[in-house]
Amino acid sequence: MKKVEKDKTYLITGGAGFIGFHLSKRLLGLGAKVIGLDNMNDYYDISLKEARLNILKEYENYSFVKCDLTDKEGLFALFEKERPDIAVNLAAQAGVRYSIDNPDAYIQSNLVGFFHLLEACRQYPVEHLVFASSSSVYGGNDKVPFSTEDKVDRPVSLYAATKKSNELMAYSYSKLYKIPATGLRFFTVYGPYGRPDMACYKFALKIMEDEPIQIYNNGDMYRDFTYIDDIVTGVENMLCNPPEADNLDARYKVYNIGNHKPEKLMDFIGALEKYLGKEAKKEYLPMQPGDVYQTYADVTDLMEDFGFKPSTSMDEGMRKFVEWFKEYYGYEKTVS
């Protein structure tokens, strides 16, 4: 297995986002050249994105371009100038519930934008395209753990449908235009500098402000919570190791990256309360449209191909998140 090659240029779309920030920081620390691309939209507090960028811009081998993937001309100009060796697509309109009320944003970013990126990789060939999919593609599947061999044709949200569409689009481009491509189905990622719309971050803010947290399906839900460092290690392992050709001569593969250990939502909240040192006010609600009862990653392929599986415990991950959270927001800086 090849390690990250320092002499290559890595383009990371969604570079000011949660995973994009942490992956960029890891690669920069290894001495690689990283170009971050982000449209800096206001889906959540833009100051958090700016805080991430301020850290990345301290590295001399980092450059940032503000651009939207729907801007095909701007994207092509970037590819023509920089000629990235490896492209990592983490740009997307995220969120399951947001897709219920704002479907247009998902079509533009996740379908049109991704198509433009594929076209850029076709016109200015890359050695490897790595792109974010989601555990949401498993939708209404009852069989657990979720395997990449499972059929995923029952999405229960538009977000999930766009992510499955990305996988299909990438496969066709891999087959037709010889673009090595790897799709990554992430499972409920959390950690420092995370997304404020995700449960961990959202709950922490509400708990500290004495506001009730909303708990869906009356708390009877399970999630394969995965700490950010494990996600980044998984991606890092793949960057310089594109997949072998399949029987149709397409160099394409999809992996799950999850903790392989679904946790009860109420246990997750309990760990958050423990490290915040404060009990949450709770509002119990029924299951929401687009939600699923549980997520659970089968990471067999990840282990076989890269000798790796996520291993950070929920307790350890939560401790690290809260430590960062308290410092970032100016609460007491120590975590017991």
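Start by selecting N218 in this predicted model. With a relative accessibility of 52%, N218 counts as exposed, because the cut-off for that class is over 50%. Its backbone deserves a look too: N218 is not a glycine, yet its phi is positive, at about 55°. To place N218 in the chain, colour β8 (213-216) and β9 (222-223); the residue lies in the loop between them. As background, most residues other than glycine have a negative phi, and most peptide bonds are trans.

Next, jump to H260. Here again phi is positive, about 60°, in a residue that is not a glycine. The loop that holds H260 runs between β11 (252-257) and β12 (263-264). Is H260 buried, partly exposed or exposed? Its relative accessibility is 33%, so H260 counts as partly exposed.

For another backbone feature, select V144 and P145 together. The peptide bond from V144 to P145 is cis, with omega near -5°. P145 lies in the loop between β5 (128-132) and α6 (158-177), and those two elements lead to the following stop.

Now show β5 with its side chains. This strand is mostly covered, with five of its five residues buried. Which way do the side chains point? H128, V130 and A132 point one way from β5, while L129 and F131 point the other way, and all are buried.

Keep β5 in view and add its neighbours. On one pairing, β4 (residues 86-89) runs parallel to β5 over four bridges. Pick F131 here and you will find N89 opposite. A second pairing joins β5 to β6 (residues 181-186), again in the parallel sense and over four bridges. The bridge partner of F131 in β6 is G183. Now trace the chain from β5 through α6 to β6: this β-α-β crossover is right-handed.

The cysteines C67 and C121 make a good pair to select next. How far is the sulfur of C67 from the closest cysteine sulfur? The distance is 14 Å, to the sulfur of C121, and this is too far for a bond because a disulfide needs the sulfur atoms within 2.5 Å. Seen from the other end, the closest cysteine sulfur to that of C121 is in C67, at 14 Å, again too far for a bond. The count of disulfides in the model is zero. As for their surroundings, C67 is buried, with a relative accessible area of 9%. C121 also counts as buried, at 1% relative accessibility.

Finish with the empty space inside. Rolling a probe the size of a water molecule over the atoms shows where such space is left. How many cavities of 30 Å³ or more does the model have? The count comes to one, and the largest cavity holds about 40 Å³ of space. To see its walls, select F18, V189, Y190, G191, G194, R195, M198, C200, Y201 and F321, which line the largest cavity. The elements that give two or more residues to this lining are β7 (189-190) and α7 (199-208). Colour the lining by class and you get seven nonpolar, two polar and one charged residues.

Terms used
Residues are numbered from 1 along each chain as its sequence is written. This is a predicted model: local features need pLDDT of at least 70, side-chain atom pairs count only at pLDDT 80 or more; totals for chains, interfaces and linings use all residues. Side-chain values use heavy atoms; hydrogens and water are left out. Buried means under 20% relative accessible area, exposed over 50%, partly exposed in between (1.4 Å probe, protein chains only). Two strands pair if DSSP finds at least two bridges between them. A crossover is right-handed if, with the strands pointing away from the viewer, the path from the first strand over the helix to the second runs clockwise. On a 1 Å grid over the protein atoms alone, a cavity is a set of points where a 1.4 Å probe fits but cannot get out, and a pocket is an open set with protein on both sides within 12 Å along at least five of seven lines; lining residues have an atom within 4 Å of a point. Grid points are joined across faces, edges and corners, and a volume is the space filled by probe spheres set on the points. Ala, Val, Leu, Ile, Met, Phe, Trp, Tyr, Cys and Pro count as nonpolar, Asp, Glu, Lys and Arg as charged, and the others, Gly among them, as polar.
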